[in-house]
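Let's take a walk through a protein model together. Please have the sequence and the 3D view open, and follow along at your own pace.

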Amino acid sequence: MKKLSFGETAILTNNEEYTCFANIRFENEDYAFIMSHTEPVRVKIVRQDLVNGELNLTIVKDEEMKKKILKLYKEFFASSVESLAE
């Protein structure tokens, strides 16, 4: 198994489906932003680990860590949009 890429779907342990819409690497760890398929839409940040060839997603609950990862995502998104603007 491999880590989630943009547009791929993951089913969490509660049987809810989420789609990956962004990936960030921070402090030598891989994180993904995932969005639920149901209303109300929920967004989660998960750490992605491969354990014995299986993908393990751990929801980031630490508020400080979420802020750091979200800041990186904002910077990445802003630079991506800026490079595409005509």
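We start with the whole fold, then visit an aromatic cluster, a buried polar residue with its surroundings, and a patch on the surface.

Please keep in mind from the outset that this is a predicted model. Its secondary structure amounts to five strands and one helix. If you trace the chain from its start, these elements come in the order β-β-β-β-β-α. Measured out along the principal axes, the box that the C-alpha atoms fill is roughly 40 × 30 × 25 Å.

How much of the protein is buried? Of its 86 residues, 24% fall into that class. The surface that the protein exposes comes to about 6200 Å², and carbon and sulfur atoms supply 54% of that area. As for contacts along the chain, take those between residues at least 6 apart in sequence: 31% of them join residues at least 24 apart.

Now turn to the aromatic residues. The structure holds three aromatic pairs, and two of them are worth a visit here. The pair of F21 and F33 is tilted, with 5.9 Å from centre to centre and 50° between the planes. F21 sits in strand β2 (residues 17-26) and F33 in strand β3, so this pair links distant parts of the chain, twelve residues apart. Are these two rings buried or partly exposed? F21 counts as partly exposed because its relative accessibility is 24%, whereas F33, at 3%, counts as buried.

F33 has another partner. With Y73 it forms a tilted aromatic pair, 4.7 Å centre to centre and with 35° between the planes. Because F33 belongs to strand β3 and Y73 to helix α1 (residues 63-84), the pair ties together parts that lie 40 residues apart in sequence. Y73 is buried as well, since its relative accessible area is 17% and the cut-off for buried is under 20%. Taken together, F21, F33 and Y73 make up one aromatic cluster.

Next, look at strand β4 (residues 43-51), where you will find Q48. Q48 has a relative accessible area of 2%, so this residue is buried. Which side chain does the side chain of Q48 meet in a polar contact? The partner is the side chain of N23, at 3.3 Å. Setting aside residues up to four places away in sequence, Q48 touches K3, L4, N23, D30, Y31, A32, L55, N56 and L57.

One of those neighbours, D30, leads us back to strand β3. The side chain of D30 makes a polar contact of 2.8 Å with the side chain of R25. Beyond its neighbours within four places in sequence, D30 is in contact with K3, I24, R25, V46, R47 and Q48. K3 therefore appears in the contact lists of both Q48 and D30.

We finish on the outside. Which residues form a nonpolar patch on the surface? They are M35, V41 and V43, and together they have about 240 Å² of accessible area. V41 is found in the loop between β3 (29-36) and β4. With a relative accessible area of 43%, V41 is classed as partly exposed, because that class lies between the 20% limit for buried and the 50% limit for exposed.

Conventions
Residues are numbered from 1 along each chain as its sequence is written. This is a predicted model: local features need pLDDT of at least 70, side-chain atom pairs count only at pLDDT 80 or more; totals for chains, interfaces and linings use all residues. Side-chain values use heavy atoms; hydrogens and water are left out. Helices (H or I, at least four residues) and strands (E, at least two) are DSSP runs, numbered from the N terminus. Buried means under 20% relative accessible area, exposed over 50%, partly exposed in between (1.4 Å probe, protein chains only). A polar contact is a pair of N or O atoms within 3.5 Å; within protein, one must be able to donate a hydrogen and the other to accept it, and residues adjacent in sequence count only if both atoms are side-chain atoms. Contact means heavy atoms within 4.5 Å. Patches are made of residues with over 30% relative accessible area and no salt bridge: like charges are joined within 9 Å, nonpolar side chains (Val, Leu, Ile, Met, Phe, Trp, Tyr) within 5 Å. Accessible areas come from the Shrake-Rupley method with a 1.4 Å probe; for residues, only the protein chains shown count as cover. A salt bridge is a side-chain nitrogen of Lys or Arg within 4 Å of a carboxyl oxygen of Asp or Glu. Rings of Phe, Tyr and Trp (its six-membered ring) pair if their centres lie within 6.5 Å; planes under 30 degrees apart count as stacked, over 60 as edge-to-face and the rest as tilted.
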